[in-house]
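Here is a short report on one protein model. It covers strands, helices and a few ring contacts.

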Amino acid sequence: MSTRLNPTDEMMSKLGEILLESLTELDEEEFKICKYHLKNRGLIIRMEGKGDRTDIAESMKAKFGAVSALKHITNVFKKMNLNEIVENLQAKKAQVEKEYNKKKEKKPVTRDDQTQMRKTASNGNDNIGKLQLTKKSNLKSTSETKDQVVKKRKAQTEDGQEIKKVKTSQQSLQKTKPEAEREDGLQTMPMVVMVLKVKETFEYDTQKGKKEMFHAIVANEHEFIRVKVLNMNVKEQFKKNKVIEISKAYWNRGFLEINKCSRVEDMTTNKEIIVPKNIIRKAAKTTKLQMLKTLKPGSYVDGVYEIHKKTEKENCTFFEVKDNTGNIKVVVFGKWAKIKSEKGDKLRLTCFEYNSFGDEMQLKSVTHSCIQVIKAKKIRKIAGEQIDSPDIVSSLSTGVL
């Protein structure tokens with residue numbers, strides 16, 4: 001049986017989670033600068049492990065406590081002008097403190113308390129009876145006291161129902177957060193979202209022949225969601241910044257699949273959604289290769305990585321790609337294996353399946369995968385001056401530059 005934390009320990013635990021979440025919002029360059037400021041201020045000196053985000057969060061929490069650790073990290077973020085992250089951190093901290101204060105105010109009634117209350121009530125009734133025999137005026141006072149008790153009980157019942165509603169609402173909200181893991185299956189409730197990005201349409205192979213689809217990213221106030229649109233009849237609904245309602249879609253390993261049974265309705269005139277900037281930032285970020293080790297095998301990955309090595313085979317192409325945190329092998333099948341690319345170019349991978357074999361990690365193309373090739377910048381000379389040519393992105397439909 002799990003041990004239930006008291007309100008204070010529960011709050012400290014949640015504040016520690018907020019500390020770690022705030023560090024995970026930093027990209028690698030921001031994280032390096034943050035570590036420098038923490039060391040420079042004597043907030044971290046030596047720690048066990050690799051000195052990654054988890055190690056720093058644990059070290060600061062152990063040294064200062066969760067409240068002071070959050071205060072220190074907030075000051076560092078302000079120094080780095082990371083105002084969006086600061087605002088998000090402070091909002092989460094305020095919410096946790098608000099919940100803690102509510103729990104602290106609401107003291108549970110024990111059996112001993114109930115027994116004492118009954119004794120007090122019994123003694124009170126005896127005294128009231130005696131007073132009623134001596135003074136008629138006490139009848140009105142007694143009547144008012146009973147009315148007050150009834151009103152008080154009614155108010156407590158309504159408060160209890162309201163607390164239950166708030167708790168249910170909070171549990172529902174927690175299920176929509178990006179950190180919460182969803183089970184694969186049919187979407188249970190309609191979802192109103194704003195379209196952030198729509199990628200190009202491409203063909204994919206099925207047992208019944210070729211079909212068309214495209215990928216998109218949508219978001220609400222709490223999270224961003226990667227979407228596979230397999231029903232081209234709803235393509236017109238997917239326009240940037242448009243507010244739509246999605247229902248009867250299917251969750252599949254982190255993606256929301258829209259098929260012929262799904263419904264997508266225009267809600268632009270009825271609903272207004274303001275997507276926080278930190279969520280927009282997260283949606284645009286590439287998954288760092290060192291973070292793939294934390295994923296479950298079979299998870300889908302999106303990201304932009306530089307080609308370090310390329311080997312073409314008859315039925316597939318092997319890439320070794322890298323970023324500033326490591327490298328990984330990528331296996332590409334079908335038409336994407338023939339896409340023109342070379343060492344130094346970058347691959348924008350969408351919906352690639354992650355697997356690990358011992359210490360070796362691998363990304364593999366699947367039915368709904370797609371690739372863009374971002375050509376490396378070339379230096380060309382015009383009138384004796386060196387000018388960087390713009391990036392060239394390969395065609396999705398043909399794979400030809």
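## Barrel

Two strands count as paired if DSSP finds at least two bridges between them. The model is predicted. In it, β11 and β12 pass that test with 8 bridges, in the antiparallel sense. The two strands form a hairpin, with 2 residues between them. One of the bridges can be named by residue: glutamate 320 has lysine 329 in β12 as its bridge partner.

Strand β11 covers residues 316-323 and also pairs with β10. That pairing is antiparallel too, over 6 bridges. Here lysine 309 is bridged to glutamate 320 in β11. Glutamate 320 therefore has a named bridge partner in β10 (residues 300-312) and another in β12. β10 and β11 form a hairpin with 3 residues between them.

What closed unit do these strands belong to? They are part of a closed barrel of 5 strands, in the order β10-β11-β12-β14-β13. The pairing in the barrel is mixed. From one strand to the next, the twist averages 50 degrees. β13 and β14 (residues 360-374) are joined by 11 bridges and are antiparallel. Across this pairing, leucine 349 stands opposite isoleucine 371 of β14.

## Strand β5 and its partners

Is strand β5 mostly covered or mostly open? β5 spans residues 224-229, and 5 of its 6 residues are buried. The strand is mostly covered.

β5 pairs with β4 and with β8. β4 (residues 209-219) and β5 run antiparallel, joined by 6 bridges. They form a hairpin with 4 residues between them. Isoleucine 217 has arginine 226 as its bridge partner in β5. The pairing with β8 is parallel and holds 4 bridges. There, valine 227 is bridged to leucine 256 in β8.

## Aromatic pairs

How many aromatic pairs does the model hold? The count comes to 3. One of them joins phenylalanine 202 and tryptophan 336. Their ring centres are 5.8 Å apart, and the planes meet at 70 degrees, so the pair is edge-to-face, a class that needs over 60 degrees. Phenylalanine 202 is in strand β3 (residues 202-206), while tryptophan 336 is in the loop between β12 (326-333) and β13 (346-357). The pair therefore ties together parts that are 134 residues apart in sequence. Both residues are buried.

Another pair is phenylalanine 255 with tyrosine 300. This pair is also edge-to-face, at 5.7 Å centre to centre and 70 degrees between the planes. Phenylalanine 255 belongs to β8 (residues 255-258), and tyrosine 300 belongs to β10. The contact therefore links parts that are 45 residues apart in sequence. Phenylalanine 255 has 1% relative accessibility and counts as buried. Tyrosine 300 has a relative accessible area of 9% and is buried as well.

## Charges over rings

Tryptophan 336 has a further contact. The charged end of lysine 335 sits over the tryptophan 336 ring, 4.6 Å from its centre. Elsewhere, arginine 53 lies over the face of phenylalanine 31, at 4.2 Å from the ring centre. Arginine 53 is a residue of α3, and phenylalanine 31 is a residue of α2.

## Helices α2 and α3

Helix α2 runs over residues 28-40 and has 13 residues. At 1.5 Å a residue it should span 18 Å. Its end C-alpha atoms are 18 Å apart, which agrees. The buried residues of α2 are Glu28, Glu30, Phe31, Cys34, His37 and Leu38. At the start of α2, a side-chain oxygen of aspartate 27 comes to within 3.3 Å of the backbone nitrogen of glutamate 29. Just after the helix, glycine 42 has a positive phi of about 75 degrees.

Helix α3 covers residues 53-64, a run of 12 residues. The distance from its first C-alpha to its last is 16 Å, close to the 16 Å expected. Its buried residues are Arg53, Asp55, Ile56, Ala57, Ser59 and Met60. At its start, a side-chain oxygen of aspartate 52 reaches to within 3.3 Å of the backbone nitrogen of threonine 54. Glycine 65 follows α3, with a positive phi near 90 degrees.

Note on methods
Residues numbered from 1 in each chain as written. Predicted model: local features only at pLDDT ≥ 70, side-chain atom pairs only at ≥ 80, totals over all residues. Heavy atoms only, no water. Phe/Tyr/Trp six-rings, centres within 6.5 Å; stacked < 30°, edge-to-face > 60°. Buried < 20%, exposed > 50% of the residue type's maximum accessible area, 1.4 Å probe, protein only. Lys NZ or Arg CZ within 6 Å of the ring centre and 35° of its normal. Expected span 1.5 Å × (residues − 1). Polar contact = N/O pair within 3.5 Å; in protein donor to acceptor, adjacent residues only side chain to side chain. Axes fitted to C-alpha atoms, helices over the stretch in contact; angles between N-to-C directions.
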